[in-house]
Amino acid sequence: MKAMRLPPHVMLLLPAVILLAAVILFPLLLSLWSSFTPFRLTRPDSVWQFVGLRNYTRLAGDADFWVAFGRTVLLLTLALNLEMLFGLGLALLVERASRGQRVLRTILMFPMMFSPVLVGFQFKFMFNDNVGLVNNALQSLGLTDQAIPWLIDGKLAFIAILTAEIWSSTAVFAIFILAGLMAMPRDPLEAARVDGCTPWQTFRYVTWPFLMPFAFIAMTIRSLDVARAYDIITIMTDGGPAGRTEVLWTLIARTAYSDARMGIANAMAYVAILLSIAFTAIFFRQLAKARAQVAADW
Amino acid sequence: MDRNASARARKLTSRWALNLALFVAMAIICLPGFWIVLNSLRPTVEIMAKPPIWIPRELNFDAYVAMFSGVGQGGIPVLEYFRNSLIISVTSTIIALAIGMAGGYAFARYRFAYKSSWFLGFMLTRTVPGIALSLPLFFIYARLGIIDTHLGMILVYVALNVPFTIWLIDGFFRQVPRDLSEAAQIDGCTRWQAFWRVEFPLARPGIASAGIFAFLTSWNEFALASQLTRSTGSKTLPVGLLDYTAEFTIDWRGMCALAVVMIIPALLLTYAVQKHLVSGLTSGAIKG
């Protein structure tokens, strides 16, 4: 058995490569193929019928699909930016706190432990128009005497979903930015103060560049898993009512499993995959850039 | 004197503003969890009451008792779901750790061509949305006959966890100085022995937290589980949660109770690893 001796790193990476190829890559190739067929679950042999780009051209002309697509991008953009902003704010707040930092940090991690399904469920409960906490509070405070249809009106439901999304993921940003703040050397801060920087200038030109890689790690981790939002949305509204909160992922699930139109669902899934990859690739780029910059500076 | 006093007053106000802001932020973070725990203990009448009852009049554990007393008692098969979740999560975590340790070690200790591309490639497999992956898997699993089985779920969760486990473990091995293993090898250890006797013990806390992270991912996963499981034979807790919403009415109290059951293991585990998790993920960022 001396003939087949691979270098050690190949041996070490082999299990991961084989597994990912078998469980992720191969199915994805299959789904790429079936996105070129009119495959329906009810008619298994239709998987062999090649129709070229028909599914994709149909999608290109499908208004519902583009609305869902736009809504997904809007949701992700808003959520990621707001989470970053809130996370930064939270991290700065906790870092300033004079006492109880350990407790505060633990509380900060709290939302990370919640499964997205649970997040969806608890916000569905809180935004329920009849028994929810939000409406109860608003009514008891006398701000309104109506039951606000949080999850029924399209715009309000979007806000509710966004709130749930932000609640569940701001923690990731806060924790990483906080780690950055704590790892930060003090000397440059002192130097900036001695040189007469305003607090804003100090933050903008000293603190932020140092925090950037941490923020991008958080962004990257977050972007790896943007489709988590599917769980939240499925539970809260399931894309409804009447498609008013439909995003790409709920549309895929509906088309594939309720309508059993696998072919076109796979075409949609490919668009969703490319979207996720685009998000991640952007952040990986930024991460590498920020990393190089910090390495050069410190 | 006057300036002193005003400066002190300003400092005091800013300290109070800071504390207030902190308090509000923490309250917002804690509120949803608190709301769930509270409502799992209240009778349904009180949850549904109009006008709302703010101060609970009666707290009891009825929901938990009902939940664990099995089907037919108004409960759902929580014990089965719990068992499925546990088997699937633990097994997939152990396998993912083994594969991830090998991969992470390779990234941390060896140089090879296109290393960063490989790394990015691994990460990109993680970006595939669960629901998109579930379509072909559903078909393949149905063909192989492993749909609605533990094996099927374990396979896909291992694949889901491996990229991230590699990232974390890579970070932890980087923190272990290379010299240590070299010193051990000079002293007569093989590389294999050096790994198990020197590098592994030093990286162990990190590896443990990578494991817990993988466990939580499997424990909480929903998109794939909701499509690839069908019966009490393999349904996991997140999917089981939906049992309460099957009809037009939602059993809020029961759902809250199940939510609490789901959260407790996650809570304990996350608390145990919080420190290592962050250091592992960021170590790569600073040292490059």
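**Close-up views of a predicted two-chain model**

**View 1. A salt bridge within chain A joins Arg254(A) and Glu246(A).** In this predicted model, Arg254(A) pairs with Glu246(A) in a salt bridge whose closest N and O atoms lie 2.8 Å apart. The two partners differ in their surroundings, for Arg254(A) is partly exposed, with a relative accessible area of 27%, whereas Glu246(A) is buried, at 8%. Side chains of opposite charge can pair when their charged atoms come close.

**View 2. A salt bridge in chain B links helix α4 with helix α9.** Here Arg109(B) and Glu199(B) form a salt bridge, and their closest N and O atoms are 2.7 Å apart. The pair brings together distant parts of the chain, since Arg109(B) belongs to helix α4 (residues 78-109) of chain B and Glu199(B) to helix α9 (residues 191-220) of chain B, 90 residues apart. Arg109(B) counts as buried because its relative accessibility is 7%, under the 20% limit, and Glu199(B), at 0% relative accessibility, also counts as buried.

**View 3. Arg174(B) and Asp170(B) pair within helix α7 of chain B.** The closest N and O atoms of this salt bridge are 3.1 Å apart. Because the two residues are 4 residues apart in helix α7 (residues 150-175) of chain B, about one helical turn separates them. Arg174(B) is partly exposed, with a relative accessible area of 30%, while Asp170(B) is buried, with a value of 4%. Elsewhere, in chain A, salt bridges that share partners join Glu83(A), Glu165(A) and Arg222(A) into one network, and a search of the whole structure finds 7 salt bridges over all chains.

**View 4. Chain A and chain B meet in an interface with 85 contacting residues on each side.** Between them the two chains bury about 8,000 Å², and 83% of this area is on carbon and sulfur atoms. Helix α1 (residues 8-34) of chain A supplies the largest share of the side of chain A that touches chain B, namely 16 residues. That side of chain A divides into 62 nonpolar, 16 polar and 7 charged residues. Across the interface there are 4 residue pairs in polar contact, both residues being at pLDDT 80 or more, and the count of salt bridges between the chains is 0.

**View 5. Helix α4 of chain A spans residues 101-113.** At 1.5 Å a residue, the 13 residues of this helix should span 18 Å, and its end C-alpha atoms are 19 Å apart, which agrees. Among the buried residues of α4(A) are Gln101(A), Leu104(A), Leu108(A), Phe110(A) and Met113(A).

Terms used: Residues numbered from 1 in each chain as written. Chains lettered and ligands numbered in written order. Predicted model: local features only at pLDDT ≥ 70, side-chain atom pairs only at ≥ 80, totals over all residues. Heavy atoms only, no water. Expected span 1.5 Å × (residues − 1). Buried < 20%, exposed > 50% of the residue type's maximum accessible area, 1.4 Å probe, protein only. Contact = heavy atoms within 4.5 Å. Buried area = accessible area lost by both parts, 1.4 Å probe. Salt bridge = Lys/Arg side-chain N within 4 Å of Asp/Glu carboxyl O. Polar contact = N/O pair within 3.5 Å; in protein donor to acceptor, adjacent residues only side chain to side chain. Nonpolar A, V, L, I, M, F, W, Y, C, P; charged D, E, K, R; others polar.
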